[in-house]
Amino acid sequence: MLFKQQALLRQKLFVLGSLAIGSLLYLVARVGSLDRLQPLCPIDGRFGPRSQDDIPLRALQFKRGLLHEFRKGNATKEQIRLHNLVQQLPKAIIIGVRKGGTRALLEMLNLHPAVVKASQEIHFFDNDENYAKGIEWYRKKMPFSYPHQITIEKSPAYFITEEVPERIYKMNSSIKLLIIVREPTTRAISDYTQVLEGKERKNKTYYKFEKLAIDPNTCEVNTKYKAVRTSIYTKHLERWLKYFPIEQFHIVDGDRLITEPLPELQLVEKFLNLPPRISQYNLYFNATRGFYCLRFNIVFNKCLAGSKGRIHPEVDTSVITKLRKFFHPFNQKFYQITGRTFNWP
Ligand code: A3P
């Protein structure tokens, strides 16, 4: 009899224990899923001193959940008013450079609790049709955020498009501009690789990089080739400098963002006058991907899509040497203007 009672008690304890563990796991997963859906910093305490205007943690998580609903367009006007949510024009824009690591930079900055990213490339300033729709159209493309947060968008085509500096200046002459660059020849090959992959997907053939990058008649670098032109950073920057002083730009080292992202992100935090909140906890190296990935909390993390970090085709070394020699004087000028020197060959 006593043995039977003990067995029953053990059974009850087991059921209760399982329920408690189950609830705990559910809670952890729930918090995680909200965080994963949100660009906001997930767990307040992780960043040490309380930020987010001292909103209690539970309220903050609730609000984050709401933000997601709002972004999906489910919000009523009343809810938006009640929670003081706004769609704000960007205070900073990642204007380029294509294949420099613009997506990684945006996603990583988005780990900061005061930053909200526009997920899509909006192409407002470089696309005449979009630009004609007006600034309100642009603002409505922005995610909902709390007034103390800043919105950031990225459209790498801005850097090389003639009309863009003047258009951005007209919107906000004191906006902060981020440019992420990589060693110019590597960037050009990365650019080529993206186009090549697009062609292959459509079962089309494409020229070899060498054929595009070198003019067959002169055997010199083909400056008409877009992937080459985009890598002449100084030429593009000089157009921007007609509108904005150099202090409004911050140059991010895209090669270092791959190997050692945190110090680069800390420099951006400083440039944007944000308190340092992104930590090593938020970034972990994923050996399978060969890149740093983002950690939101103990449950949720995310790597960039497979289209980021493609394997480049092998390129003739003499072509690489020729390109590096070609870019060299432009690079020197770029270092001189920006005050940031790289170890590019
Ligand atoms: P590759 O595909 O040449 O390796 P963008 O977002 O501007 O198109 O830039 C793409 C590049 O971002 C990739 O170029 C990749 O090297 C780089 N990158 C930087 N950090 C990365 C990360 N954490 N995960 C994946 N790619 C990253």
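Student: Leaving out residues up to four places away in sequence, which residues does threonine 185 touch?
Tutor: Keep in mind that we're looking at a predicted model. Start by finding threonine 185 in helix α8. Skip the residues up to four places away in sequence, and its partners are Ile320, Leu323, Arg324 and Phe327.

Student: Is threonine 185 buried or exposed?
Tutor: Look at its relative accessibility, which is 1%. The cut-off for buried is under 20%. Threonine 185 falls below that cut-off, so it counts as buried.

Student: What about glycine 100, which residues does it touch beyond four places in sequence?
Tutor: First, find glycine 100 in the loop between β2 and α4. It counts as buried because its relative accessibility is 1%, with buried meaning under 20%. Once residues up to four places away in sequence are set aside, glycine 100 touches Ile180, Arg182, Arg187 and Gly254.

Student: How many ångströms separate the C-alpha atoms of glycine 100 and serine 231?
Tutor: Along the chain, these two are 131 residues apart. In space, the gap between their C-alpha atoms is 9.8 Å.

Student: Which residue does a cis peptide bond join to glycine 96?
Tutor: Go to the loop between β2 and α4, where the partner sits. Omega for this bond is about 5°. The residue joined to glycine 96 there is valine 97.

Student: Which residues have the most contacts inside the largest nonpolar core?
Tutor: As background, nonpolar side chains in soluble globular proteins tend to be buried together. Here the largest such core has 28 residues, and the ones with the most contacts inside it are Ile95, Tyr158, Ile168 and Trp240.

Student: Which helices and strands each supply at least two residues of this core?
Tutor: Both kinds of element take part, so try tracing them along the chain. The contributors are β2 (92–96), α7 (164–171), β6 (176–181), α11 (233–240), β7 (249–253) and α14 (317–338).

Student: Which residues is tryptophan 240 in contact with, leaving aside neighbours within four places in sequence?
Tutor: Tryptophan 240 belongs to the group with the most contacts inside the largest nonpolar core. With its neighbours within four places in sequence left aside, it is in contact with Ile95, Tyr158, Phe159, Val164, Pro165, Ile168, Leu177 and Phe249.

Student: How many residues does the other core have?
Tutor: This one lies apart from the core around tryptophan 240. Leu105, Leu106, Ile278 and Phe296 are among its members. Its size, in residues, is 27.

Student: Which element gives the most to the lining of the largest pocket?
Tutor: The pocket holds about 650 Å³ of space and is lined by 32 residues, with Lys99, Gly101, Arg182, Lys308 and Gly309 nearest its centre. Four elements each supply at least two lining residues: α8 (184–201), α12 (254–259), β9 (291–295) and α4 (102–109). With four residues, the one that gives the most is α4.

Student: How many charged residues are in the lining of the largest pocket?
Tutor: Split the lining by class. Eleven residues are nonpolar and eleven are polar, while the charged ones number ten.

Student: Is histidine 123 buried or partly exposed?
Tutor: Histidine 123 is in the loop between β3 (115–117) and α5 (128–132), and its phi is near 55°, a positive value in a residue other than glycine. Its relative accessibility is 24%, whereas buried needs a value under 20% and exposed one over 50%. That's why histidine 123 counts as partly exposed.

Methods. Residues numbered from 1 in each chain as written. Predicted model: local features only at pLDDT ≥ 70, side-chain atom pairs only at ≥ 80, totals over all residues. Heavy atoms only, no water. 1 Å grid on protein atoms, 1.4 Å probe; cavity = no way out; pocket = protein on both sides within 12 Å on 5 of 7 lines; lining within 4 Å. Points joined across faces, edges and corners; volume = space filled by probe spheres on them. Nonpolar A, V, L, I, M, F, W, Y, C, P; charged D, E, K, R; others polar. Core = buried A, V, L, I, M, F, W, Y, C linked by side-chain atoms within 4.5 Å. Buried < 20%, exposed > 50% of the residue type's maximum accessible area, 1.4 Å probe, protein only. Contact = heavy atoms within 4.5 Å.
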